[in-house]
Amino acid sequence: MVFWILIAFMALAIAGLMALVLLRSRATGEPPAAYDLRVYRQQLRDVDKDLARGVINEADAGRIRTEVSRRILAADAQLQEQTEGARQPRMATRAVAVIIVLGICGGTLAIYATLGAPGYGDLSLKSRIAMAQERADSRPSQGEAEAQVPPFPAPEVEDSYRQLVDQLRQTVAKREDDAQGQALLVQHEANLGNFIAAYQAKEKYINIMSGDVEAADFGELAELMIMAAGGYVSPEAEKALSQTLRLDPENGPARYYYGLMLGQVGRPDLSYQIWAETLRKGNADDPWVRGIQSQIEEMAVRAGVDYQPIQPKGAPTPPFAGAMPGPDAADVENAAEMSEADRAEMIRGMVARLSDRLATEGGTVQEWSRLIGALGVLGDLDQARVIYDEARQTFAGDAAALDMINDAARQAGVSE
């Protein structure tokens with residue numbers, strides 16, 4: 001309601017101002033000829049005063065009166081023309097004013113109806129969180145999701161392999177308490193793309209083991225459910241993920257899928273948080289790390305986070321990473337043979353170029369840290385503090401980056 005009140009007030013105010021300009025006569029200001037008339041009449045009065053004081057004689061006074069009277073007649077004629085020409089057609093003016101008001105107000109409503117969301121209530125953070133929880137509670141079950149997924153294409157395998165799997169199914173069906181048989185069935189059903197049968201066999205395996213299972217077992221169950229649902233994380237899969245993380249809070253695949261579920265129910269903020277933590281703790285060659293890296297930037301956009309790439313442990317060094325622009329200790333040592341003035345000028349030039357680029361294009365946390373350190377070496381502590389504050393704002397959502405920036409600030413002597 002507040003939104004509609006504000007929009008209606010703004011539209012009416014703008015339309016009213018424009019209509020008022022049209023309705024007011026353009027002749028409200030004084031025409032130039034009116035001012036001329038006042039001047040000429042004053043001149044006539046001044047002629048009589050000058051004649052009375054003896055400044056001019058009667059003959060000069062007559063000539064002046066004649067000339068001023070001629071100018072008064074001309075000015076009066078000009079005033080009549082300006083007054084008549086300044087009048088606006090009353091009906092046409094009112095019609096245009098009404099059209100402007102209707103056009104602005106109606107156009108505003110039409111644009112909002114096309115681009116906006118009429119009837120949608122205000123969405124505070126509390127409301128969005130409540131909506132996300134409602135979406136999570138009412139989302140489709142595992143069975144409902146499976147019913148909407150098109151059949152998976154059958155993989156190309158040899159007929160002999162299919163026959164062996166059929167024999168395994170028949171054997172396991174006769175041995176209800178055969179945990180090893182269920183484990184084999186899970187593997188081979190998954191190989192054939194029968195993910196529903198695979199996770200059902202995994203559930204039987206977990207029940208047979210009577211709780212004597214590891215976090216990886218629940219993680220595998222959740223993954224098979226998600227694959228059977230076409231990538232959707234159902235409440236049943238979420239339960240399996242929660243059991244996995246309860247037993248192993250650092251389980252990479254479960255953290256990946258749990259973050260995926262949070263994004264699906266409308267909590268990209270929590271999804272980004274868990275994915276970012278998983279990236280920092282994971283290894284570059286972990287398969288779930290690659291899955292997170294391919295989606296985390298989009299999740300950051302949805303969460304309103306200014307995303308900066310997060311490098312997992314063991315990640316290969318980017319090409320030319322050691323050649324980032326900006327001065328470091330090696331640059332200063334290489335300049336030892338220069339004169340003091342030349343060396344200072346060289347370093348300041350490099351610092352200025354790096355500072356300009358970070359201000360216009362942004363950069364990595366390493367570059368920001370290097371700039372803070374370089375300014376500390378140059379003794380420009382005031383500028384170093386400015387860069388330090390700006391860097392903290394830039395990487396406000398990245399704890400690892402803030403640690404690196406704070407270390408650079410401490411070394412430069414500008415840390416709080």
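Two rings of Phe, Tyr or Trp are called a pair here if their centres lie within 6.5 Å, and a pair counts as stacked if the planes are under 30 degrees apart. Under that rule, three aromatic pairs are counted in this structure. I should say at once that the model is a predicted one.

Let me begin with one of these pairs. Tyr-256 and Trp-275 have ring centres 5.7 Å apart and planes 10 degrees apart, so the pair is stacked. The two partners come from distant parts of the chain, 19 residues apart: Tyr-256 belongs to helix 12 (residues 252–264) and Trp-275 to helix 13 (residues 268–281). Are these two residues buried or exposed? Tyr-256 is buried because its relative accessible area is 14%, under the 20% cut-off. Trp-275 is buried as well, at 0% relative accessibility. Ring pairs also bring in Tyr-257, giving a cluster of Tyr-256, Tyr-257 and Trp-275.

Another aromatic ring has a charge as its partner. The charged end of Arg-392 sits over the ring of Tyr-388, at 4.4 Å from the ring centre.

I turn now to helix 9, which comprises residues 195–209. At 1.5 Å a residue, its 15 residues should span 21 Å, and the end C-alpha atoms are indeed 21 Å apart, so the two values agree. Which residues of helix 9 are buried? They are Phe-195, Ala-198, Tyr-199, Ala-201, Lys-202, Tyr-205 and Ile-206. Around the axis they cover an arc of only 155 degrees, and therefore lie on the same side of helix 9. As general background, an α-helix has 3.6 residues a turn, so residues three or four places apart point the same way. The buried residues of helix 9 pack against helix 6, helix 8 (179–191) and helix 10 (215–228). Just after helix 9, Ser-210 has a positive phi of about 55 degrees.

Helix 6 deserves a further word. Gln-142 is located in this helix, which covers residues 142–148, and is buried because its relative accessibility is 4%. Its side chain makes a polar contact of 2.9 Å with the side chain of Glu-146. Beyond its neighbours within four places in sequence, Gln-142 is in contact with several residues, among them Tyr-199, Met-225 and Ser-234. Tyr-199 is one of the buried residues of helix 9 already listed.

Finally, I mention Thr-93 in helix 4 (residues 90–115). Thr-93 is buried, with a relative accessibility of 12%. Its C-alpha atom is separated by 8.8 Å from that of Ala-19, although the two residues are 74 residues apart along the chain.

Conventions:
Residues are numbered from 1 along each chain as its sequence is written. This is a predicted model: local features need pLDDT of at least 70, side-chain atom pairs count only at pLDDT 80 or more; totals for chains, interfaces and linings use all residues. Side-chain values use heavy atoms; hydrogens and water are left out. Rings of Phe, Tyr and Trp (its six-membered ring) pair if their centres lie within 6.5 Å; planes under 30 degrees apart count as stacked, over 60 as edge-to-face and the rest as tilted. Helices (H or I, at least four residues) and strands (E, at least two) are DSSP runs, numbered from the N terminus. Buried means under 20% relative accessible area, exposed over 50%, partly exposed in between (1.4 Å probe, protein chains only). A charge sits over a ring if NZ of Lys or CZ of Arg is within 6 Å of the ring centre and within 35 degrees of the ring normal. A polar contact is a pair of N or O atoms within 3.5 Å; within protein, one must be able to donate a hydrogen and the other to accept it, and residues adjacent in sequence count only if both atoms are side-chain atoms. Contact means heavy atoms within 4.5 Å. The expected span of a helix is 1.5 Å times one less than its number of residues. The arc is that of the directions from the helix axis to the C-beta atoms.
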